Amino acid sequence: MERDGVVICVASKAGFCFGVKRAVQIAFDASEKWKEVYTIGPLIHNPQVVSLLEENGIRVLSSLEEVPHGATVVIRSHGIPLDDLRKLRDKGVRIIDATCPFVKKAQEIVSNLVKKGYLVAVVGEAEHPEVKALLSYGEGKAFIYKDIPEGAKKIGVVSQTTQILSDFFDAVSRIMKGCEDFTELRVFNTVCQSTAERQLECKNMAAKVEVLIVVGGKNSANTKRLVEIASDCGVKAYHIEVPDELDVSWFFDKKMIGITAGASTPDWIIDAVVDRVKKLTGGIVQDGRVQRDE
Ligand code: SF4
């Protein structure tokens with residue numbers, strides 16, 4: 001389906017964020033140094049990268065109980081609940097902490113707020129590992145924002161680092177309406193800059209392209225949010241993990257095609273998707289990879 005005048009825009013913010021890059025590097029370094037290296041759950045939400053890590057001796061366990069005595073455990077970029085950290089220490093395993101510094105900062109905020117007598121409302125997905133860890137730092141005084149107890153007087157609010165910024169602000173306003181007795185509300189915008197920039201670029205891109213390809217793990221929350229953002233802007237967005245999922249019919253009659261990717265999508269998969277879209281459409285890459293790497 002080669003056509004003239006097809007333009008492919010590749011997001012300059014697509015791919016590994018600082019925290020993911022750092023965690024992957026830490027895991028590779030650990031596997032070079034120590035033989036038995038494990039993560040509890042996948043290091044990042046991208047099955048292809050997790051397979052590559054496994055090939056390099058970094059194995060995924062589904063629970064703490066499976067960690068062998070004396071092994072090395074790499075803590076994922078979205079952190080670990082305090083209880084689990086204590087259990088690991090009790091087991092005597094070597095702990096390599098790859099928690100993203102931005103996630104750590106949010107954990108510290110939760111902990112400090114609780115020490116100062118606040119109840120903490122966390123805006124995020126209850127089942128996401130980062131949120132579970134954040135709640136644990138409240139030691140019983142932190143709640144998913146919808147569950148904040150009635151009558152709370154001093155309330156602190158933080159966000160999962162990958163929330164859509166406007167959803168976070170909406171949640172804050174809902175907290176204010178729902179907790180009429182509060183006397184003090186402290187809001188900490190803990191959406192990380194990398195997330196905010198990626199989402200803004202996605203929104204801008206959605207305004208100019210006719211179809212948007214979003215590349216990332218199907219289990220990646222931040223990738224799913226990019227699809228949501230594009231859909232809210234009225235552009236058709238397809239979430240794929242690998243180039244084989246691309247369907248030529250998506251590009252029929254389209255002159256402006258966008259490609260972006262989640263924070264845990266490696267460059268090699270983005271490059272392969274760009275190549276495949278070029279082959280399917282005969283399009284020319286207008287910006288992105290070269291610009292991005294400069
Ligand atoms: S999305 Fe932000 S907070 Fe999460 S790992 Fe990446 S840089 Fe860190």
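How many bridges pair strand S2 with strand S4, and in which sense do the two strands run? Let me start there. Strand S2 covers residues 37-40 and strand S4 covers residues 72-75. They pair over 2 bridges, in the parallel sense. For a spot to find on screen, take Val37: Thr72 in S4 stands opposite.

One caution before we go on. This is a predicted model.

Now the domains. The domain assignment splits the chain three ways. Domain 1 comes in two pieces, 7-15 and 193-293. Domain 2 is 18-99. Domain 3 is 102-187. Keep those ranges in mind, and we will walk through the parts.

First, the sheet with S2 and S4. It is an open sheet of 4 strands, and the pairing is parallel. Read across it and the order is S3-S2-S4-S5. At the edges sit strand S3, residues 58-61, and strand S5, residues 94-97. Each of these edge strands pairs on one side only. The sheet is also twisted. On average, neighbouring strands are turned by 35 degrees against each other, direction ignored.

What lies across this sheet? Helix H1, residues 18-33, lies across S2, S3, S4 and S5. Compare its direction with S4, and the angle is about 175 degrees.

Next, the second sheet. Again we have 4 strands in an open sheet, with parallel pairing. Here the order reads S7-S6-S8-S9. Why is one side of strand S7 and of strand S9 left without a neighbour in the sheet? Because S7, residues 142-144, and S9, residues 184-187, stand at the edges, and each has a single partner strand. From one strand to the next, the twist averages 25 degrees.

Look at one pair in this sheet. Strand S8, residues 154-159, runs parallel to S9, and 4 bridges join them. Lys154 is a good marker, standing opposite Glu184 in S9.

Two helices pack on this sheet. Helix H4 touches strand S6 (119-123), S7, S8 and S9. Its direction makes about 175 degrees with that of S8. Helix H5 touches S6, S7 and S8. The direction of H5 makes about 175 degrees with that of S6.

H4 and H5 also pack against each other. H5 is residues 129-136. The angle between the two helices is about 30 degrees, and their axes are 8 Å apart. The crossing is right-handed. Who meets whom? On the H4 side we have Val103, Ala106, Gln107 and Val110. On the H5 side they meet Glu130, Ala133 and Leu134. Sorted by class, that contact has 5 nonpolar, 1 polar and 1 charged residues.

There is another helix pair, H7 with H8. Their axes come within 9 Å and cross at roughly 30 degrees. This crossing is right-handed. From H7, the residues are Thr195, Gln199, Cys202, Lys203 and Ala206. They meet Asn222, Arg225, Leu226, Ile229 and Ala230 in H8. By class, we get 5 nonpolar, 3 polar and 2 charged residues in this contact.

On to the domain contact. The C-alpha centres of domain 1 and domain 3 lie 32 Å apart. The two domains do touch: 8 residues of domain 1 are in contact with 6 residues of domain 3. On the domain 1 side, H7 and helix H8 (221-232) each supply at least two residues. Which helix gives the most to that side? H8 does, with 5 residues. That side of domain 1 has 3 nonpolar, 3 polar and 2 charged residues.

Last stop, the ligand. How many residues surround the ligand? There are 14, and the closest are Cys17, Gly19, Cys100, Thr161 and Cys192. Three helices each supply at least two residues of this shell: H1, helix H4 (101-115) and helix H7 (193-208). The largest share comes from H1, with 3 residues. What about the classes in the shell? It has 8 nonpolar and 6 polar residues, and no charged residues.

To tie this together, follow three helices. H1 lies across the strands of one sheet and gives the largest share of the ligand shell. H4 packs on the other sheet and supplies at least two residues of the shell. H7 also supplies at least two shell residues, and it crosses H8.

Note on methods: Residues numbered from 1 in each chain as written. Predicted model: local features only at pLDDT ≥ 70, side-chain atom pairs only at ≥ 80, totals over all residues. Pairing = 2+ DSSP bridges. Axes fitted to C-alpha atoms, helices over the stretch in contact; angles between N-to-C directions. Contact = placed C-beta atoms within 7 Å. Near = placed C-beta within 6 Å. Nonpolar A, V, L, I, M, F, W, Y, C, P; charged D, E, K, R; others polar. Left-handed = near helix turned anticlockwise from the far one by under 90°. Domains from an automatic or database assignment.
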